[in-house]
Amino acid sequence: MNAEKMKKTFRIVGLKGEGAFTEFNTEVPKRAKHFLERLHEIESDHGPEIALYEPKRDTDHLDGIYYVGIMVDETLTNVPVGMEYIELDEEYVTTKGNVRHIGKLHNDLLKWMDDQGYKRKPDSYIVETYHPLETGEEEVEIYLPIYV
């Protein structure tokens with residue numbers, strides 16, 4: 001696995017969702033589909049799809065917040081009704097790979113982060129960006145926020 005540490009700014013327009021962490025694997029794609037049906041409402045050049053996830057703090061933390069949306073090139077002041085503009089500027093550890101292996105990618109990145117001595121920021125969003133491949137599959141880039 002290739003991993004690295006980097007500083008990155010994300011500008012996002014998206015829809016907020018919340019619910020049980022155990023339901024994220026089905027609820028997040030449904031919310032993303034709903035968002036994509038409204039993509040034409042965003043009056044800005046935009047990049048790849050993106051999702052933000054509230055990190056699970058402990059075993060008693062059962063419900064969480066997430067956002068699905070797209071990355072935009074500039075700060076937006078005109079955001080469609082029901083959507084939010086979010087800007088994140090953090091230090092991250094990151095890796096990428098086939099979305100079919102997303103669980104393993106997360107676990108490998110957490111292990112790499114620990115091996116390098118980095119500490120995760122528990123109050124900052126986990127970021128995933130999604131990139132279609134010519135093969136019809138999808139690549140995911142994972143960004144875990146860390147303390148510097």
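**View 1. Arginine 57, an exposed loop residue.** In this predicted model, arginine 57 has a relative accessible area of 52%. The residue counts as exposed because that value is over 50%. Arginine 57 sits in the loop that runs between S2 and S3. Aspartate 123 is 66 residues from arginine 57 in sequence. In space, their C-alpha atoms are 8.7 Å apart.

**View 2. Lysine 56 in the loop between S2 and S3.** Lysine 56 is found in this loop. Its relative accessible area is 43%, so lysine 56 is partly exposed. Which residues does lysine 56 contact, leaving aside neighbours within four places in sequence? They are Phe21, His61 and Leu62. Lysine 56 and phenylalanine 24 are 32 residues apart in sequence. Their C-alpha atoms lie 12 Å apart.

**View 3. Phenylalanine 10 and tyrosine 92, an aromatic pair.** The model holds eight aromatic pairs. In this one, the ring centres of phenylalanine 10 and tyrosine 92 are 5.5 Å apart. The planes meet at 85 degrees. The pair is edge-to-face, because its angle is over 60 degrees. Phenylalanine 10 belongs to strand S1, and tyrosine 92 to strand S4 (residues 84-98), so the pair ties together parts that are 82 residues apart in sequence. Both phenylalanine 10 and tyrosine 92 are buried.

**View 4. Phenylalanine 24 and tyrosine 53, a tilted pair.** The centres of these two rings are 6.1 Å apart, and the planes are at 35 degrees, so the pair of phenylalanine 24 and tyrosine 53 is tilted. Phenylalanine 24 lies in helix H1 and tyrosine 53 in strand S2, so the pair ties together parts 29 residues apart in sequence. Phenylalanine 24 is buried, as is tyrosine 53. Ring pairs also build a cluster here: Phe21, Phe24, Tyr53 and Tyr66 are linked in this way.

**View 5. The largest pocket and its lining.** The largest pocket holds about 680 Å³ of space. Its lining has 28 residues. Which of them are closest to the centre of the pocket? They are Phe24, Tyr53, Ile102, Glu128 and Tyr130. Six elements each give two or more residues to the lining: helix H1 (24-37), strand S2 (46-53), strand S3 (63-72), helix H2 (102-116), strand S5 (126-132) and strand S6 (138-145). H1 gives the most, with seven residues. By type, the lining divides into 18 nonpolar, four polar and six charged residues.

**View 6. Two residues of helix H1.** Proline 29 is found in helix H1. Its relative accessibility is 45%, so proline 29 counts as partly exposed. Threonine 129 is 100 residues from proline 29 in sequence. The C-alpha atoms of proline 29 and threonine 129 are 13 Å apart. Glutamate 27 also lies in helix H1. With a relative accessible area of 32%, glutamate 27 is partly exposed. How far apart in space are glutamate 27 and glycine 117, C-alpha to C-alpha? The distance is 33 Å, and the two are 90 residues apart in sequence.

**View 7. The largest nonpolar core.** In soluble globular proteins, nonpolar side chains tend to be buried together. The largest nonpolar core in this model has 27 residues. Those with the most contacts inside this core are Phe35, Ile42, Tyr53, Val68 and Val93. Strand S1 (3-20), H1, S2, S3, H2, S5 and S6 each supply at least two of its residues. Another core lies apart from the largest one. This other core has 11 residues, including Phe10, Tyr67, Ile86 and Tyr143.

**View 8. Valine 93 and its contacts.** Valine 93 is one of the residues with the most contacts inside the largest nonpolar core. Which residues does valine 93 touch, not counting residues up to four places away in sequence? Among them are the nonpolar residues Leu109, Trp112, Met113, Tyr118, Ile142, Tyr143, Leu144 and Ile146. Valine 93 also touches Glu4 and Lys5, which count as charged.

Technical notes:
Residues numbered from 1 in each chain as written. Predicted model: local features only at pLDDT ≥ 70, side-chain atom pairs only at ≥ 80, totals over all residues. Heavy atoms only, no water. 1 Å grid on protein atoms, 1.4 Å probe; cavity = no way out; pocket = protein on both sides within 12 Å on 5 of 7 lines; lining within 4 Å. Points joined across faces, edges and corners; volume = space filled by probe spheres on them. Helix = DSSP H or I, 4+ residues; strand = E, 2+ residues; numbered from the N terminus. Core = buried A, V, L, I, M, F, W, Y, C linked by side-chain atoms within 4.5 Å. Buried < 20%, exposed > 50% of the residue type's maximum accessible area, 1.4 Å probe, protein only. Contact = heavy atoms within 4.5 Å. Phe/Tyr/Trp six-rings, centres within 6.5 Å; stacked < 30°, edge-to-face > 60°.
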